[in-house]
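User: I have a model open and would like to talk through its packing and backbone before I set anything up. Can we go through it piece by piece?

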Amino acid sequence: MADAILAAKATGSHVDAYDFHLVIPIPGMKGNIGVHGGKVWLNGGANVALLAMEFGHSLDSAHANAWKSSSIIGSGEEVEYGNPFDNLGGGTNNKAHYNTRMKYKLGWLTDSDIITVSQSGTYRIQAHDKSLAAGGKAALRIKGNAQENYWVEFRDLFDLTRNGALIMRGYNSWQYYNPSFSPQQSLLLDMTPSTFGEFGDAALGIGKTFTDPSAGIAIKVLGKGHTTPETLDIQVTLTNPSSPIDVTPNLSFVSPTNEVSVFSGNAIFQVTASDPDVGTINGDGISSVVFEVYDTQSETPILSSPVISSHPYA
């Protein structure tokens with residue numbers, strides 16, 4: 001990669017003006033797909049689907065997976081790349097888009113583009129695989145439990161999705177709890193579990209209802225809005241209304257400046273943290289920070305700092 005960048009500079013290319021760099025080795029040259037801080041190395045050629053996935057990883061995006069179960073949300077297993085409509089899953093053509101949860105994480109969708117559902121009602125969402133109209137809403141976000149939210153979205157480019165809603169489940173935190181699992185990953189729920197493991201029919205069709213009894217949530221697709229761009233009307237019933245979604249606190253590194261670094265010897269870690277919910281019903285603020293160190297093969301910390309309860313957190 002470094003040699004390729006130097007060679008490009010030698011031709012007069014303004015390489016440093018770009019945030020992302022792509023290298024495709026000449027035919028027959030050995031290599032692997034690799035992503036490192038905005039630098040993508042592909043072996044043997046490229047296509048739109050592969051580029052979208054690998055540049056997505058450069059943007060710190062995780063795979064779009066699916067939940068394989070005979071009862072939608074019952075016991076089952078996570079399927080890597082299981083979302084066939086997502087560039088970060090199994091989406092392999094130019095109709096695929098990142099899902100709305102990931103677009104929100106990347107800042108491509110903001111809070112004003114999302115409906116956070118806190119009470120029963122009928123809500124209208126627009127197909128997010130087309131440009132949003134002024135005031136259009138791309139998704140519903142519904143609190144499932146203390147750790148996870150449901151995301152409801154509509155896609156109009158795929159024949160298999162234009163008559164229903166896709167429902168995903170995902171953690172409400174973007175932070176890595178341990179090296180073995182990324183809460184960034186979303187799980188597409190299969191609304192037709194009778195075709196076990198086939199996710200092309202995962203959409204919740206018009207007139208159909210999905211329920212999560214433990215969370216007290218029922219989601220029903222009422223029908224299309226027959227608008228331009230197309231919209232979908234969703235009825236959400238909360239039989240056990242929960243507290244509003246508690247937005248994840250903001251955390252940023254002061255030292256080191258990069259969240260992924262290699263150290264030898266002693267190192268000082270320092271972060272700043274803030275609670276975006278301050279001033280709301282969930283605005284309890286941040287009382288403390290704990291630093292934890294994980295081994296790459298461990299799901300429990302091998303080292304934990306004492307509780308730090310005052311700024312700066314170091």
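User: To start with the backbone, where is I72 placed?

Analyst: I72 is in the loop between β4 (64–69) and β5, where helices (H or I, at least four residues) and strands (E, at least two) are DSSP runs numbered from the N terminus. This is a predicted model, in which local features need pLDDT of at least 70 and side-chain atom pairs count only at pLDDT 80 or more, while totals for chains, interfaces and linings use all residues. Residues are numbered from 1 along each chain as its sequence is written, and side-chain values use heavy atoms, with hydrogens and water left out.

User: What is phi of I72 near, and is the residue buried or exposed?

Analyst: Phi of I72 is near 70°, which is a positive value in a residue other than glycine. I72 is buried, with a relative accessible area of 18%; buried means under 20% relative accessible area, exposed over 50%, and partly exposed in between, using a 1.4 Å probe and protein chains only.

User: Which residue in the loop between β14 and β15 has a positive phi although it is not a glycine?

Analyst: That is H226, found in the loop between β14 and β15, with a positive phi of about 55°. H226 is exposed, with a relative accessible area of 68%. The loop between β14 and β15 also holds P229, and a cis peptide bond joins T228 and P229, with omega about -5°.

User: And T231, what does it touch?

Analyst: T231 is in strand β15 and counts as buried at 8% relative accessibility. Leaving aside its neighbours within four places in sequence, T231 is in contact (heavy atoms within 4.5 Å) with R124, I125, Q126, F154, K224, G225 and H226. A polar contact of 2.9 Å also joins the side chains of T231 and T227; the term stands for a pair of N or O atoms within 3.5 Å, where within protein one must be able to donate a hydrogen and the other to accept it, and residues adjacent in sequence count only if both atoms are side-chain atoms.

User: Switching to the sheet, what order do the strands have?

Analyst: An open sheet of four strands has the order β7-β15-β14-β13, with antiparallel pairing, and two strands pair if DSSP finds at least two bridges between them. The edge strands are β7 and β13 (209–212), each of which pairs on one side only. The twist averages 25° from one strand to the next, with axes taken as lines fitted to C-alpha atoms (for helices over the stretch in contact) and angles running from 0 to 180 degrees between N-to-C directions.

User: How many bridges join β14 to β15?

Analyst: Seven bridges join these antiparallel strands, and I217 stands opposite L238 in β15.

User: Which residues touch the most other members of the largest nonpolar core?

Analyst: Of its 27 residues, L140, I142, V152, I167, F210, I219 and I234 touch the most other members. A nonpolar core here is a set of buried Ala, Val, Leu, Ile, Met, Phe, Trp, Tyr and Cys residues joined through side-chain atoms within 4.5 Å. The largest share of this core, four residues, comes from β15. Not counting residues up to four places away in sequence, I234 touches G121, T122, Y123, I125, L140, V152, A165, I219, K220 and V221. A second, separate core of 16 residues includes F85, F158, L188 and A202.

User: How many aromatic pairs are there?

Analyst: A search of the whole structure finds five aromatic pairs; rings of Phe, Tyr and Trp (its six-membered ring) pair if their centres lie within 6.5 Å, and planes under 30 degrees apart count as stacked, over 60 as edge-to-face and the rest as tilted. One of them is the edge-to-face pair of F85 and F158, at 5.1 Å centre to centre with 70° between the planes. F85 lies in the loop between β5 (76–79) and α3 (100–106) and F158 in the loop between β9 and β10, 73 residues apart, and both residues are buried.

User: Why does the pair of Y98 and W108 count as stacked?

Analyst: The ring centres of Y98 and W108 are 5.5 Å apart and their planes are at 10°, so the pair is stacked. Y98 is buried, with a relative accessible area of 7%, whereas W108 is partly exposed at 49%.
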